[in-house]
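Student: I have a new protein to look through today. Could we go over it together, one question at a time?

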Amino acid sequence: MTTWLCRTEDETSAAGREIARTLTENAVVHLVGDLGSGKTFLARAIAAELGADPREVASPSFAIVHEYPRPSGPPVIHIDGYRLSGNRREWLEIGIPELLGGPGIKLIEWPKREFEEFEDSHVEITIGVREDGAREIVATL
């Protein structure tokens, strides 16, 4: 387990870059935190370090799944679990099992327990917001 205390966006970006460098080729990453805690910001930093264009990384809330191409390998896949229902058919129609089992690093915001059925393992990253506004990022790598 590794913890970062980030008082600025630059420190949060640095934590994201460090996390990205520890990920295996097809890692699944669960990004856990309250609304506004910085899950998408951290996902952008991770994706940028992996070679994706950071300008393309946005909250996946409306599309549920975004894929960010990388020049050096399979894409970074960004998934929003918030709007996914518990309906298995919806998951199959969207292709969640194939996405999780396929190539590329998967960044999942608002992960649900059902994701674990389709993955071998995952990295858990929890973002907490302290009273002073600093982010405490805890990664179980």
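Student: Which side chain meets that of Arg-88 in a salt bridge?

Tutor: Happy to start there, and please keep in mind that this is a predicted model. Arg-88 belongs to helix H3 (residues 88-94), while its partner sits in the loop between S5 and S6, 29 residues apart from it. The N to O distance is 2.7 Å, within the 4 Å cut-off for a salt bridge. The partner is Glu-117.

Student: Is Glu-117 buried or exposed?

Tutor: To be exposed, a residue needs over 50% relative accessible area. Arg-88, at 44%, counts as partly exposed. Glu-117 has a relative accessibility of 52%, so this residue counts as exposed.

Student: Which residue forms a salt bridge with Glu-93?

Tutor: Look inside helix H3, where both partners lie four residues apart, about one turn of the helix. Their side chains meet at 3.0 Å, N to O. Glu-93 is exposed at 58% relative accessibility, and its partner is exposed with 59%. That partner is Arg-89.

Student: What is the N to O distance in the salt bridge between Asp-53 and Arg-55?

Tutor: Here the two side chains have these accessibilities: Asp-53 is partly exposed at 24%, and Arg-55 is exposed at 74%. Their salt bridge is one of five in the count for this protein. The N to O distance is 2.9 Å.

Student: How far apart do the centres of the positive and negative side chains lie?

Tutor: Let's begin with the charges themselves. The protein has 15 positive and 24 negative side chains. Taking the centre of each set, the separation comes to 2 Å.

Student: In what order do the helices and strands run from the N terminus?

Tutor: There are four helices and seven strands to place. Taken as a whole, the protein has a radius of gyration of 14 Å, close to the 14 Å that the globule rule gives for 141 residues, so it is as compact as a globular protein of that length. From the N terminus on, the order is β-α-β-α-β-β-α-α-β-β-β.

Student: What percentage of the contacts with a separation of 6 or more comes from residues 24 or more positions apart?

Tutor: The setting is a protein in which buried residues make up 43% of the 141 residues. Its C-alpha atoms fill a box of roughly 45 × 35 × 25 Å along the principal axes. Among contacts with a separation of 6 or more, the share from residues 24 or more positions apart is 58%.

Student: Which elements are included in what covers the buried residues of H2?

Tutor: First, see what needs covering: in helix H2 (residues 39-49), the buried residues are Lys-39, Thr-40, Leu-42, Ala-43, Ala-45, Ile-46 and Ala-47. After the helix comes Gly-51, with a positive phi near 105°. The cover for those buried residues includes helix H1 and strands S2, S4, S5, S6 and S7.

Student: Which residues does His-122 touch, not counting those up to four places away in sequence?

Tutor: His-122 lies in the loop between S5 and S6. With a relative accessible area of 26%, His-122 is partly exposed. Asn-26 is 96 residues from His-122 in sequence, yet their C-alpha atoms are 9.9 Å apart in space. Leaving out residues up to four places away, His-122 touches Val-28, His-30 and Glu-116.

Definitions and conventions:
Residues numbered from 1 in each chain as written. Predicted model: local features only at pLDDT ≥ 70, side-chain atom pairs only at ≥ 80, totals over all residues. Heavy atoms only, no water. Helix = DSSP H or I, 4+ residues; strand = E, 2+ residues; numbered from the N terminus. Rg over C-alpha atoms; globule rule 2.2 N^0.38 Å. Buried < 20%, exposed > 50% of the residue type's maximum accessible area, 1.4 Å probe, protein only. Contact = heavy atoms within 4.5 Å. Lys, Arg positive; Asp, Glu negative; His and termini not counted. Charge placed at Lys NZ, Arg CZ, Asp CG, Glu CD.
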